[in-house]
Amino acid sequence: MQERYQLPSFGARLLAATMDGRAGFDRLLIMNFNEYANTLGSTIAGVDATMASGAAPDIDNLVGRIPNAVRDVSVTSAADHQALMRELERHFRYDSNTSTPYGPIEVMLHRIEAEAQPGEEIVFVLVSDGEYDNGDLFKGGAMVPRMRQAFEATRDAITARGGTLSVQYLFIDRQGGSSLRTTVKDQGVRDTLTSVFNGDPATGSKYVSSADELWEALQDIIAEVSDTDREAQGRFISYKGNTISLSTPLSISRVVIVATGPRGAVPRLQTTTFTETPTETRRISTEMSGTDGALGNPAPRGGVVEHLYFQRAVPAGDYDLTFNAPVDRDVFLLFETRAVNELSIFDSSGREIQPTASGTYRLFVGQDYEFRSQILDGENTPTPVDFATLPNTLSMNLTLTMAQGPITSSMTLDDATDTGRYAWSPQQTGDVAATSRASAGILSPRSETLRITVLDSSANVSVSAITPSAACPNCASDEINVPLDVQGGAPIGTFAVEAQAEIDGQIDFAGTKIPPGMEIRDASGATVDLDGPIDFGAGSSQQFTIWRTENATPEEIAEGMDALVILANPTGQWSGTTAQTQSKPRLEAPGLGMELVDVTQPLTPGEIDGLKTPAGELLRGQFAAQFSLVSLLTPPDPERIDELVNVSSTGAFAGLVDLKPVFPNPAATGFNALEIKPETSFWCLCWLWGANVVTGTDVRDVTVNYSYAVSGVTIQQASATVPFAYPIAFIPQGGLSCALNLLYAFLTWVFLRGLWALFTTHRFPKGSMVEINRGNAAPSFKRLDKGSGLWWRAWFAAFTGNPDQTMSIEGLRMRATHKGAIVDISKTVPPWRLERLDASFQELKETQPKKTEHRLIWSDRLDSTFDPTLSMRLKKRRGD
């Protein structure tokens, strides 16, 4: 009787029983090595030898010889699903007398490549218990290059469709020693499969040598095919009696319960505490027909796989599943979630990369990118899942499948944005497939596969020198002429940008330094956004123009503009070095013109030949001469009019007319205007009339000068000379003005003379007096400083002279002076004798006949020549 393996066939049936057989979900391709060997018979060695030669048509011929070796199984109904269990039991039997051919591997891969749909996730499960036939072909890894080439072609074809293919290789070591393992490793089939499709020879590879190890490995494969980590599940699923308790942080859309146990005693699900009722269920059962003699005759096992489908997903939470018998780890759960793992790619600027119309992402060698993965969950509109609500065992990884195979790396968890991140800079061109997987408790949502094409983005960008639009004979080699006018909006130079690259790309002008009032325009005349991308074809050239849109500021004209620096940067899909050109703008201000455009009253009727301002209007200051400032760069500033405008006039008494400059509002005039308004006072009419009479003309030449300077540098200036006429008649304005001037002069003289008198009139000092003595009587005192109304009499000094203070004491009239008093002896001679001179006033008069007055000083004593007993003494103070 033939020795048979029962456990591998039982495990394969359980794996098939976990399929989501609904239309549009899982698909199953099956192939049996024994059937392949029986069909080809003795020709197998020749087939393997032909494969080793690398002739591609041999696979097609081989498939044609065994058209039914690979079966595509459909289990859209529960009945079909159960029938598959019986078919697999018959189909997968081990015959110890049958060899292990290599051909079925490439046949299956050929069929997988032909059948794979875009975005499909494919798992190739291979169970073997020996080395491959035709050992000499495989000895020392001789077929490894041929196998790697074939495997990589299949992988790349599936990756190009956005799909993934991984391998689960289960090797049953029936000898239980190391020699068979060494042979398998030497042949290189297993390691080449797992390294090409899994990225690591150890990933997906399992060795077993006992029934317990085999059963454990089979359960792990079943779980891993369903993206379930049984080890991680142990932290979120607990077993107690007849109940399994689970905690899910994400929604559940399908539960698969894989229950195994002794044949005939497999636990069955009875109730759940899910908040939603399954919309569809499916129960698939199978069992071992006997013991497994090759692995120590373990007791036959049975299995029941139950599917619970939920149209409305079960929300995150804690739930219990109750069975009809005690349960342990031989009952494990597989889950599908409504949550999705959304994978995106961002460039170094934080801009999300969008796929092309074909769904492929175009990335470029040497540029920095970041993969970002988010878990979205929700019944109607999925929203990002807060990492704080997920287990602290949450992990995310990213698998990049490239020419050298898949590489899986951990993503950094960003709790602030609930995002997994992975930075990547591709270093070589080619196709890449990217897939993200999150492990959140009992669920491991996987993203769709992103199909990526990495291209060479290098571009050689050059910029020509700037060609000026206007000639500049005096410019240096690095200068361009920038003529300025009041309109603005003129081209000042052109330059060309040329790019040599393998692909179309973009440039920008970021970092370009353009002085204010300038911009760059493209060939269509549109303004270029310096930081915005400009589409460029590979090997193309574009012309750009530098425009001046505004006048330069006075400061820029005075101090000069900074250099104009053009930087052309490869950007977008291109990489490379920045190209540069520069020039120094040389600003030329236009000459300023000043034209007389209007007068209130012309000298000659119908002409604009000067301003005629009659006396009455000259007093009101409303007549004006209006000038147009032609080619003025900077609008006139009324606040600086005294600084900007200088007005002068010829002729006598020209300064008596105030020539007032005014800047009218340009909105009212429609141009930059300057008005000069002559104005004078009524008092000045007399003098202007007199000047007209003396010179014989009432016309003066008025020169108006406008000059704008910054930091001592004159930017613009202009001047104009215009005749202004001031016709003034003597009657009434001239004569009346002269009369008033005379009156004003007279009153001014009276006032000034009176003011002078107030300060120069002599007064007796305060406390001054005259001491009077009569014989033996006590002396008496007479005050000299008593009021005499001098303050009001001073205002008549123009007519009376200074009203010096006078006092008459004992018939002697004394007038105040600086150091005493004055006695008038011009008409009458007072009868007094001056002790200091020992002479009387009569004697003084006789000796000096022309003497009209005599000055007395303080302390002088006077004796009366009429009354010998009477004497007086002048005292500045009483104690003197």
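Student: Which two strands form a hairpin with five residues between them, and which residue in the turn has a positive phi?

Tutor: In this predicted model, the hairpin is formed by strands E16 and E17, with five residues between them, and the residue in the turn with a positive phi, of about 145°, is Gly378.

Student: What makes E16 and E17 count as paired strands?

Tutor: Two strands pair if at least two bridges are found between them, and two bridges join E16 to strand E17, residues 383-384, with the strands running antiparallel. The count therefore meets the cut-off, and in one of these bridges Asp377 has Thr383 in E17 as its partner.

Student: Which other strands pair with E16?

Tutor: Strand E14, residues 340-347, runs antiparallel to E16 and is joined to it by eight bridges, with Asn341 standing opposite Ile375 in E16. Strand E21 also pairs with E16 in the antiparallel sense, over five bridges, and there Glu370 stands opposite Ala423 in E21.

Student: Why is strand E16 described as largely enclosed by the rest of the structure?

Tutor: Strand E16 covers residues 369-377, and seven of its nine residues are buried, so the description follows from that count. Buried here refers to a relative accessible area under 20%.

Student: How do you know where the prediction is confident, and where is confidence lowest?

Tutor: The mean pLDDT of the chain is 86, and 94% of its residues reach 70 or more. Confidence is highest in strand E21, residues 419-424, at a mean of 96, and lowest in helix H3, residues 44-53, at a mean of 62. Where pLDDT is low, the predicted coordinates should not be read in detail.

Student: Why is the pair of Phe495 and Phe544 called stacked or edge-to-face, whichever it is?

Tutor: By the rule for aromatic rings, the chain has 16 aromatic pairs. The ring centres of Phe495 and Phe544 are 5.6 Å apart, which is within the 6.5 Å cut-off, and their planes stand at 20°, which is under 30 degrees, so this pair is stacked. The pair links distant parts of the chain, with Phe495 in strand E27 and Phe544 in strand E31, 49 residues apart, and both Phe495 and Phe544 are buried.

Student: What makes Arg372 count as a charge over a ring?

Tutor: Arg372 lies over the face of Phe346, at 3.8 Å from the ring centre, and the cut-off for that distance is 6 Å. Another case is Arg22, whose charged end sits over the ring of Phe25, 4.2 Å from its centre.

Student: How do you know that Glu115 and Arg27 form a salt bridge, and what does the pair tie together?

Tutor: The closest N and O atoms of Glu115 and Arg27 are 3.4 Å apart, and the cut-off is 4 Å, so the pair qualifies as a salt bridge. Glu115 lies in helix H6 and Arg27 in the loop between helix H1 and strand E1, so the pair ties together parts that are 88 residues apart in sequence. The chain has 37 salt bridges by this rule, and one network of salt bridges links Asp20, Arg22, Arg254 and Glu336.

Student: In the salt bridge of Lys185 with Asp191, are the two residues buried or exposed?

Tutor: Lys185 has 54% relative accessibility, and exposed requires over 50%, so Lys185 counts as exposed. Asp191 has a relative accessible area of 13%, under the 20% limit, and is therefore buried. The closest N and O atoms of Lys185 and Asp191 are 3.1 Å apart.

Student: Why are Glu115 and Arg27 given the class that they have, buried, exposed or partly exposed?

Tutor: The values are 22% for Glu115 and 38% for Arg27, and each lies between the limits of 20% and 50%, so both residues count as partly exposed.

Student: Why is one side of strand E6 and of strand E9 left without a neighbour in the sheet?

Tutor: Four strands form an open sheet with antiparallel pairing, in the order E6-E7-E12-E9. E6 and E9 stand at the edges, each with a single partner strand, so one side of each has no neighbour in the sheet. E6 is joined to E7, residues 243-248, by four bridges, and Tyr239 stands opposite Ile244 in E7.

Note on methods:
Residues numbered from 1 in each chain as written. Predicted model: local features only at pLDDT ≥ 70, side-chain atom pairs only at ≥ 80, totals over all residues. Heavy atoms only, no water. pLDDT = per-residue confidence, 0-100. Buried < 20%, exposed > 50% of the residue type's maximum accessible area, 1.4 Å probe, protein only. Phe/Tyr/Trp six-rings, centres within 6.5 Å; stacked < 30°, edge-to-face > 60°. Lys NZ or Arg CZ within 6 Å of the ring centre and 35° of its normal. Salt bridge = Lys/Arg side-chain N within 4 Å of Asp/Glu carboxyl O.
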